[in-house]
Amino acid sequence: MRRESVRELEKIEVGDIGMKKQKLFEMIQDKNLDIYQEFGGLEGLAKMLNTSTTDGISSSSIEERKGTYGMNVLPEEEEVTYLTFLKEALSDKMMILLLVLGAAALIIGLTTPEQGKDDVHYSTAWIDGTFIIVAISLVVLVTTINDYLKELKFKALNELTSKVEVNVKRDGKCVTIDISEVLVGDLVEFEGGTFVCSDGIFMSGQGVLIDESACTGENDEKKKVFASPTDTDVDPFIISGTSVIAGEKGCYLCVAVGEDSFSGRLEMATRTGKQLTPLQEKLNDLADLVGWVGIGVAIILFLTLGAISIGKAAHSGDSYDFKLLLDYAIVGVSIVVVAVPEGLPLSVTIALAYSMQAMMKDNNM
């Protein structure tokens with residue numbers, strides 16, 4: 001009966017590789033021994049995946065396997081360009097407010113004579129508004145460049161930290177490859193402290209304990225043992241994204257990589273764009289708090305100066321120069337700009353990136 005089930009699965013899966021991948025994923029995700037037994041145990045899986053439990057895959061089948069089962073990498077997220085950071089910098093409410101005030105100062109300066117004068121002095125009337133716009137443009141430019149360079153540094157750092165080597169058996173020989181080159185059908189070696197880079201079925205090893213909390217949330221260490229096609233209460237399932245915390249040197253049969261693996265599907269399902277770290281969130285909260293205090297002080301100053309100037313004009317009987325209110329508004333916004341530590345999160349992030357690189361050079365990571 002079991003042989004008939006295996007034949008039926010092989011007939012379906014040869015014509016539909018997607019169904020085969022889904023069946024393997026369900027087996028790993030649910031730790032389903034029934035599916036494992038339907039495949040015919042370890043030997044049945046090896047036969048279905050066209051590999052050997054003693055020699056591993058053939059080097060001549062590497063390209064075919066890449067096309068059929070994929071590589072052990074995830075699709076890159078949409079690249080953030082310089083224009084994206086420029087758009088973010090220009091969307092800052094404070095920058096928009098300052099640009100509006102700068103434009104208003106420029107227009108008023110070129111159209112309204114100064115108090116006590118009849119004509120507009122065009123040779124100097126453009127200076128205040130233009131300098132505000134130029135200053136804000138420089139701030140936006142520097143912010144954009146810093147953010148873009150930070151993104152490039154993080155990308156380079158991630159590429160560096162993702163380069164991890166692992167031993168696999170191919171053509172009966174042990175070879176060392178990068179984890180991104182691991183393929184379905186490979187016999188992957190592991191030992192205590194090894195990061196599991198793909199889904200698989202346990203083949204050999206003594207006292208192997210794996211921490212699956214990163215993927216399943218369960219804190220209990222899971223003991224892995226070999227399972228025959230008739231076993232009903234064992235756990236031979238190796239889940240990607242976990243860590244081997246104890247055990248002698250062992251080996252497992254890789255059955256899923258990349259997007260088709262447990263950790264790959266989990267990461268693809270939870271991708272929601274760039275996420276702030278807890279430290280970055282706290283720094284942003286601090287910047288917001290200081291900003292609101294600065295805004296409060298700026299409003300009080302604007303109202304106080306405005307009331308004083310209006311009172312003086314009413315007392316002297318002179319016509320009120322409303323350009324003074326624009327000047328007071330610019331002073332108030334300047335206080336807010338100075339008070340808000342917008343560069344603090346960026347500075348801390350860059351400092352952490354440099355620190356991580358230094359620690360890696362000292363082999364501390």
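The following exercises, each with a worked solution, concern a predicted model.

Residues are numbered from 1 along each chain as its sequence is written, and side-chain values use heavy atoms, with hydrogens and water left out. Because the model is predicted, local features need pLDDT of at least 70 and side-chain atom pairs count only at pLDDT 80 or more, while totals for chains, interfaces and linings use all residues.

**Exercise 1. The sheet**

Determine in what order the six strands of the open sheet are arranged, and which strands stand at the edges.

Solution.

Step 1. Strands (E, at least two residues) and helices (H or I, at least four) are DSSP runs numbered from the N terminus. Two strands pair if DSSP finds at least two bridges between them.

Step 2. The order of the six strands is S2-S1-S3-S9-S4-S7, with antiparallel pairing. The edges are held by S2 and strand S7 (237-238), each of which has a single partner strand, so one side of each is left without a neighbour in the sheet.

Step 3. S1 and S2 are antiparallel and share six bridges; Arg170 stands opposite Lys173 in S2. Strand S4 (residues 199-204) is joined to S9 by five bridges, also in the antiparallel sense, and Asp199 stands opposite Ala256 in S9.

Step 4. Helix H2 lies across S4, S7 and S9 and runs at about 65° to S4. Here axes are lines fitted to C-alpha atoms, for helices over the stretch in contact, and angles run from 0 to 180 degrees between N-to-C directions.

**Exercise 2. Positive phi**

Establish where Asp171 and Lys31 lie, and what phi each residue has.

Solution.

Step 1. Most residues other than glycine have a negative phi.

Step 2. Asp171 is not a glycine, yet its phi is positive, at about 55°. The residue is located in the loop between strand S1 (165-170) and strand S2 (173-178). These strands form a hairpin with two residues between them, and Asp171 is in the turn.

Step 3. Lys31 has a positive phi near 50° and lies in the loop between helix H2 (17-30) and helix H3 (33-38).

Step 4. Buried means under 20% relative accessible area, exposed over 50%, and partly exposed in between (1.4 Å probe, protein chains only). Asp171, at 42%, is partly exposed; Lys31, at 26%, is also partly exposed.

**Exercise 3. A salt-bridge network**

Trace which residues are joined with Lys31 into one network by salt bridges that share partners.

Solution.

Step 1. A salt bridge is a side-chain nitrogen of Lys or Arg within 4 Å of a carboxyl oxygen of Asp or Glu. The structure holds eight of them.

Step 2. Lys31 and Glu212 form a salt bridge with an N to O distance of 2.8 Å. This pair links distant parts of the chain, 181 residues apart, with Glu212 in the loop between strand S5 (209-211) and helix H10 (213-216). Glu212 is buried at 1% relative accessible area.

Step 3. Glu212 also meets Lys224 in a salt bridge of 2.6 Å, N to O. Lys224 lies in the loop between strand S6 (221-223) and S7, 12 residues from Glu212.

Step 4. Lys224 in turn forms a salt bridge with Asp235, the closest N and O atoms being 2.8 Å apart. Both residues of this pair are in the loop between S6 and S7, 11 residues apart. Asp235 counts as buried at 14%, and Lys224 is buried at 2%.

Step 5. Through shared partners, Lys31, Glu212, Lys224 and Asp235 belong to one network.

**Exercise 4. Asp260 and its surroundings**

State whether Asp260 is buried or exposed, and which residues it contacts.

Solution.

Step 1. Asp260 lies in the loop between strand S9 (250-256) and helix H11 (262-270). Its relative accessible area is 18%, so Asp260 is buried.

Step 2. Contact means heavy atoms within 4.5 Å. Neighbours within four places in sequence aside, Asp260 contacts Lys21, Phe25, Tyr69, Asp199 and Arg265.

**Exercise 5. Cysteines**

Find how many disulfides the whole structure has, and explain why Cys174 and Cys254 form no such bond.

Solution.

Step 1. A disulfide is a pair of cysteine sulfur atoms within 2.5 Å. The search finds zero.

Step 2. The closest cysteine sulfur to that of Cys174 is in Cys251, 9.1 Å away, which is too far for a bond. For Cys254 the closest is in Cys197, at 7.0 Å, again too far.

Step 3. Cys174 is partly exposed at 45%, whereas Cys254 is buried at 0%.
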